[in-house]
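Please open the structure in your viewer and keep the selection panel at hand. The tour below goes from one selection to the next and says what is found at each stop.

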Amino acid sequence: MARSHTQSNKSYARGFTIIEVLIATVVLIAGLLSAAALIGNTLGSTSRNEYLTQAATLASEKLEDLDRYPSSDPHITVSGTTAGSLTADTVQTVSGIAVNYYDEVFFSPSQGFVEETVSGLDVNGNPIYTTLTHNPDGSIGQSNAAPSLTSGLFGFKRRWLIEQDQPIAGMRRITVVVTMENQSVSGMAPFQMSMVRP
Amino acid sequence: MTRTLTQNSRSRATRTSGFTLMEFTVAMSMMIVIGGATMALFQQNVPSFNNQQNTSGLNISMQSAVTQMQLDLVNAGTGYYPGVNIPSWPIGVTVVNQLPSSSCFTPGTFTYTSTCFDTLNILAMSSSVPPSHPTDATGSLTGCSSTTNNSFDIQPIAGMTVAQTAALFSAGNQVLLIKGGTGRQSLQSSGTQMETFVLTGSPTPNGNYVSLPLNPSNSDGTNSAGNDPLNISTVASTVLGTSFCGTDWLMVISPTTYHVDASDPTDPKLVRTRGGVTDTIADEVIGFKVLVAYMGDTATNDVLQYHFNPADYGYNYSLIRSIRVSLIGRTTPNPDAEYTFRNTFDGGPYQVLGSTVIINPRNLSMNGN
């Protein structure tokens, strides 16, 4: 009886074995890593949602912009069945005007559209940039310098396609695809939006 | 046996006794260290969390304001001629672009005055006052009236008496006059000339016509800002006229105005005024610019054809076809000296967010123009 109690006391006072400690540590680390991965995924998903919202806004903005032209304007004139492309940067000279069927929009990720650059090509195929900068005194600065993605800007490319007599004769369907250009952002799907106008 | 039982009792006593002073001290020390580290970590994240919350709130505020403007702007120019023959040129938007020559922003206090911000007027025609035609002091169907006089005469509205027509107008109404097309009832507009004035009193029924009191315009059709708060005719333009006749039209304007109320320069507010009611759309607005694209712009190399100076289109607001609104907001300035963040827009201790939107008012691009 006494021996039995003594053994019991020794067993009670004994600490964890190294195997138990290792297993517990592995389980703990696995749990923490899973939680960290979940947080990382959530943050990444939140960022992608933000970028997708920006892409949707830019697509809608371009469609609104193209809707302002009269039906005979070179910017929306179609000779043949289509004008522009959703997969390649396209520029055509129509009635003496360089009509870009793509552009790039750059803006600050932290401050939004306080400063915005839109790019395209001129009639000679040279790149042109228009940067509008809003100043605190209410003035707007305008420059034609090329921006750089390395300066931390967001860059989105918009391409659009104009289809004549779609979906019915006499109408034009305009489709815009917006893709993010920043290589550091992964998992961003292109955003596509269409409208129909005379 | 007795001894064994006694040992067991001691063993139980040892097992069931509390912590020793040493154990307790060690446990408390560890708890304080771990707790302190946790609290420090938490406190480090509090500003970040608050910052994120404020930025999200700012983003929502900007989006809401922009959406409200979209809804109003897309309907600019409605109500000209209900049902038939909508003219191709109606004026639907006027803009007061601020081109500041001196700073309206004080860097030390991060305060803004009203000259930092544009004003956007969205014009629609009143649905409660049908269009009427000008006339002269005899009430002739082909007679003319001039805005350079103290009163402007109109014929009774079709189907109404002179008294009923007079009762529809009241002091403070701003009206729009436009040249008519071929034929009195054609409901078409040539769009060659327009003019505006504000009724300075109640209309007077005069036999077979109604006299509308006004402050006379200048001979070139321009008016002071007081006589034209909607900024249609404050600067000379080729489309302004003063004489309008029986084939022309007079309509009451039902405007919606957006401007920034900077009466509290520490918290400029974007406000919307419609029907005499002013609502705050967004707080802490530090930028509000309205740019326009206009019909007949011949620029060939400008990839962003939006203008922020009305002189570019000769102050002829009827040419406006598309509007680009830029709104910049900020989070509430943080007065805490330990808050070291400074934005790169104006250097203030707050987050800044800019939003833009392009709106193409559906009524301003009719007939392919």
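What is the handedness of the link of Cys144(B) and Cys245(B), and what is the angle about its S-S bond? Select the two residues and display their side chains: the link of Cys144(B) and Cys245(B) is right-handed, with 100° about the S-S bond. Please keep in mind throughout that this is a predicted model.

Stay with this pair and turn on the secondary structure. Cys144(B) belongs to strand S5 (residues 144-146) of chain B and Cys245(B) to strand S11 (residues 243-245) of chain B, so the disulfide ties together parts that are 101 residues apart in sequence. The sulfur atoms of Cys144(B) and Cys245(B) are 1.8 Å apart. If you now add the surface, Cys144(B) counts as partly exposed, with a relative accessibility of 35%, whereas Cys245(B), with a relative accessible area of 17%, is buried because the cut-off for that class is under 20%.

Next, select Cys104(B) and Cys116(B), which are joined by a disulfide with an S to S distance of 1.8 Å. Cys104(B) sits in the loop between strand S1 (93-96) and strand S2 (105-106) of chain B, while Cys116(B) sits in the loop between strand S3 (111-112) and strand S4 (119-122) of chain B, the two being 12 residues apart. The link of Cys104(B) and Cys116(B) is right-handed, with 115° about the S-S bond, and both Cys104(B) and Cys116(B) are buried. A search over all chains of the structure finds 2 disulfides, and those of chain B follow the pattern 1-2, 3-4 when bonded cysteines are counted along the chain.

Now zoom out and select the whole of chain B, whose secondary structure comes to 3 helices and 18 strands. Of its 369 residues, 47% count as buried, and its accessible surface comes to about 16,900 Å², with 56% of that belonging to carbon and sulfur atoms. Among the contacts in chain B with a separation of 6 or more, 68% are between residues 24 or more positions apart.

For the last stop, move to chain A and select Phe16(A), Ile18(A), Ile19(A), Val21(A), Leu22(A), Ile23(A) and Val27(A), which form a nonpolar patch on the surface and together have about 750 Å² of accessible area. Within this selection, centre the view on Ile18(A), which lies in helix H2 (residues 18-67) of chain A. With a relative accessible area of 60%, Ile18(A) is exposed, because that class begins over 50%.

Conventions: Residues are numbered from 1 along each chain as its sequence is written. Chains are lettered from A and ligands numbered from 1 in the order in which they are written. This is a predicted model: local features need pLDDT of at least 70, side-chain atom pairs count only at pLDDT 80 or more; totals for chains, interfaces and linings use all residues. Side-chain values use heavy atoms; hydrogens and water are left out. Patches are made of residues with over 30% relative accessible area and no salt bridge: like charges are joined within 9 Å, nonpolar side chains (Val, Leu, Ile, Met, Phe, Trp, Tyr) within 5 Å. Accessible areas come from the Shrake-Rupley method with a 1.4 Å probe; for residues, only the protein chains shown count as cover. A salt bridge is a side-chain nitrogen of Lys or Arg within 4 Å of a carboxyl oxygen of Asp or Glu. Helices (H or I, at least four residues) and strands (E, at least two) are DSSP runs, numbered from the N terminus. Buried means under 20% relative accessible area, exposed over 50%, partly exposed in between (1.4 Å probe, protein chains only). Contact means heavy atoms within 4.5 Å. A disulfide is a pair of cysteine sulfur atoms within 2.5 Å.
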